[in-house]
Amino acid sequence: MNIEFYNCPLPAQFDTKILPTQKPAFIGYEPDFAAMEKIAKEYAHYANILVIGHGGSVTSGQAFYNALRQQTNKKAYFLNSIDPDYIAELKTDLVPENTVVVAISKSGRDTTQLEMTSQFFGYPMVVVTMAGSSLEEVAHKLQLPILRHPEIGGRYTAFTEVALLPALLSGIDIAGLLRGAAEVYALYEKENLAWKSASVAWQLEGQGFVDMLGLIYSHYLFSAANLATQLCHESFGKEDKGQTYMFAEGSEVQHHTVQRLLGGRKNMAAWFMGLHTFESNLVSSYPVPVHSVPFREHALFDLNGIPLAQAQNFELHATLESAQLARIPCMYLELNGLEPVEFGRFIAFWQLYAVYSSLLRQVDPFDQPAVETGKQISFNKRLAYKGLL
């Protein structure tokens with residue numbers, strides 16, 4: 001994994017004085033492998049896994065599965081909505097005979113999480129929550145197995161039971177994920193890629209670049225977009241500080257939001273992400289009868305046989321060069337490829353990026369006070385509907 005900067009300020013010099021006395025709880029956390037392996041063995045015969053939760057309860061697990069799903073023949077689904085039509089569709093496609101449900105909530109008192117979970121009572125189910133929660137009490141009364149949620153905020157739980165259990169149930173190599181994360185965590189108190197990126201983005205915000213567009217040129221890597229968004233917005237979007245992060249998949253992004261990037265207000269920086277190596281060796285192939293079809297003052301024959309991996313990176317670099325010419329600040333993060341160790345590095349990178357970005361802005365990386373008011377209002381509306389308020 002490597003990163004380059006264009007039209008950007010230089011990264012600030014790393015200074016350990018910015019770091020709190022204690023390391024973040026997610027660094028050095030040891031998951032309960034024995035408990036996870038016991039559960040994975042017990043439910044190994046189920047073809048489908050349904051993970052129910054919000055935010056950090058699903059974003060990391062969803063990123064792991066979607067990025068690495070070519071490793072497994074299991075199907076994983078992630079439910080984070082009480083949309084009744086979608087839930088009805090899931091219940092039609094997923095039946096108790098072939099589906100294990102993993103219900104996740106740190107607090108165990110999230111109203112919509114319990115509403116979603118209630119739709120699947122009667123299915124084989126594992127609960128991940130903290131001791132003393134309402135969800136734990138439900139699990140006890142229904143005699144469901146319980147896995148403890150660590151004392152770590154959901155968005156930082158990628159390498160805990162929260163995301164590792166669904167990955168293990170899916171057959172993904174969690175040992176590789178953990179090795180990659182450990183490599184990045186080992187650099188927490190040293191200059192590293194996450195620090196460099198965070199310090200550059202922080203300086204850009206001070207220069208008026210309050211929007212950050214992430215252009216991800218890999219369909220499977222794009223699976224981490226929701227997690228990256230959550231880590232940034234919940235961690236350092238506070239006290240009237242922090243950039244807006246939006247992600248789009250390349251090359252589709254070139255057909256809409258690149259227009260905003262290059263032609264709109266000059267308050268948006270760009271973060272390009274791609275792969276050095278793709279697994280497939282597919283090439284563009286045009287049958288002989290269409291070789292002579294005119295195309296951009298050439299013929300289709302001139303494009304025949306170009307590897308799609310090369311074409312994808314041509315699109316990335318063409319857009320990057322266009323942004324450079326337009327004097328747009330750009331960062332380019334390249335992964336060697338998509339395999340567990342490298343993807344583990346990538347997710348750990350975003351965790352440290354969120355922590356450093358928060359510390360640079362002098363806000364707490366681990367709270368999210370602005371979202372609690374809406375939760376109470378929505379709960380009160382339910383009570384009023386029932387005539388209890």
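**View 1. Strand β7 (residues 211-216) runs parallel to strand β9 (residues 268-275), and six bridges join the two.** Everything shown here and below belongs to a predicted model, in which local features need a pLDDT of at least 70 and side-chain atom pairs count only at pLDDT 80 or more, whereas totals for chains, interfaces and linings use all residues. Residues are numbered from 1 along each chain as its sequence is written, and side-chain values use heavy atoms, with hydrogens and water left out. Strands (E, at least two residues) and helices (H or I, at least four) are DSSP runs numbered from the N terminus, and two strands pair if DSSP finds at least two bridges between them. In the pairing with β7, M268 of β9 has D211 opposite it. β9 also pairs in the parallel sense with strand β12 (residues 330-335), over six bridges, and there G274 stands opposite E334. Eight of the eight residues of β9 are buried, where buried means under 20% relative accessible area, exposed over 50% and partly exposed in between, with a 1.4 Å probe and protein chains only. The cover extends to both faces of β9, with M268, A270, F272 and G274 on one side and A269, W271, M273 and L275 on the other.

**View 2. An open sheet of five strands in the order β3-β2-β4-β5-β6 is paired in the parallel sense.** The edges are held by β3 (75-79) and β6 (146-148), each with a single partner strand, so one side of each is left without a neighbour in the sheet. From one strand to the next, the twist averages 20°. Helix α4 (residues 111-118) packs on this sheet, touching β2 (48-52), β3, β4 and β5, and its direction makes about 165° with that of β4. Such angles run from 0 to 180 degrees between N-to-C directions, the axes being lines fitted to C-alpha atoms, for helices over the stretch in contact, and contact means heavy atoms within 4.5 Å.

**View 3. Strand β4 (residues 99-105) is joined to the parallel strand β5 (residues 125-129) by five bridges.** Opposite A103 stands V127 in β5, and opposite V102 stands V126 in β5. The parallel pairing of β2 with β4 likewise involves five bridges, and in it V51 stands opposite V102. β4 is mostly covered, with seven of its seven residues buried: T99, V101, A103 and S105 lie on one side, while V100, V102 and I104 lie on the other.

**View 4. The axes of helix α8 (residues 193-206) and helix α12 (residues 340-360) come within 8 Å and cross at roughly 45°.** That angle makes α8 oblique to α12, given that angles under 35 degrees count as roughly parallel, over 145 as roughly antiparallel, 65 to 115 as roughly perpendicular and the rest as oblique. The crossing of α8 and α12 is right-handed, meaning that the near helix is turned clockwise from the far one by less than a right angle, an anticlockwise turn being left-handed. From α8, residues including L193, W195 and W202 take part in the contact, and they meet a set in α12 that includes F349, Y353 and L360. The residues of this contact divide into 11 nonpolar, three polar and no charged, where Ala, Val, Leu, Ile, Met, Phe, Trp, Tyr, Cys and Pro count as nonpolar, Asp, Glu, Lys and Arg as charged, and the others, Gly among them, as polar.

**View 5. Helix α2 (residues 59-68) has nine of its 10 residues buried, so it is largely enclosed by the rest of the structure.** The buried residues are T59, S60, G61, A63, F64, Y65, N66, A67 and L68. Among the elements that cover them are β3, α6 (161-170), α7 (174-185), α9 (225-236) and α12.

**View 6. Backbone details in the loops include a cis peptide bond from G250 to S251, with omega near 10°.** S251 is placed in the loop between β8 (244-249) and α10 (257-263). Q143, in the loop between α5 (134-141) and β6, has phi near 55°, a positive value in a residue other than glycine, and Q143 counts as exposed at 73% relative accessibility. D240 lies in the loop between α9 and β8; its phi is near 60°, again positive in a residue other than glycine, and at 86% relative accessibility D240 counts as exposed.
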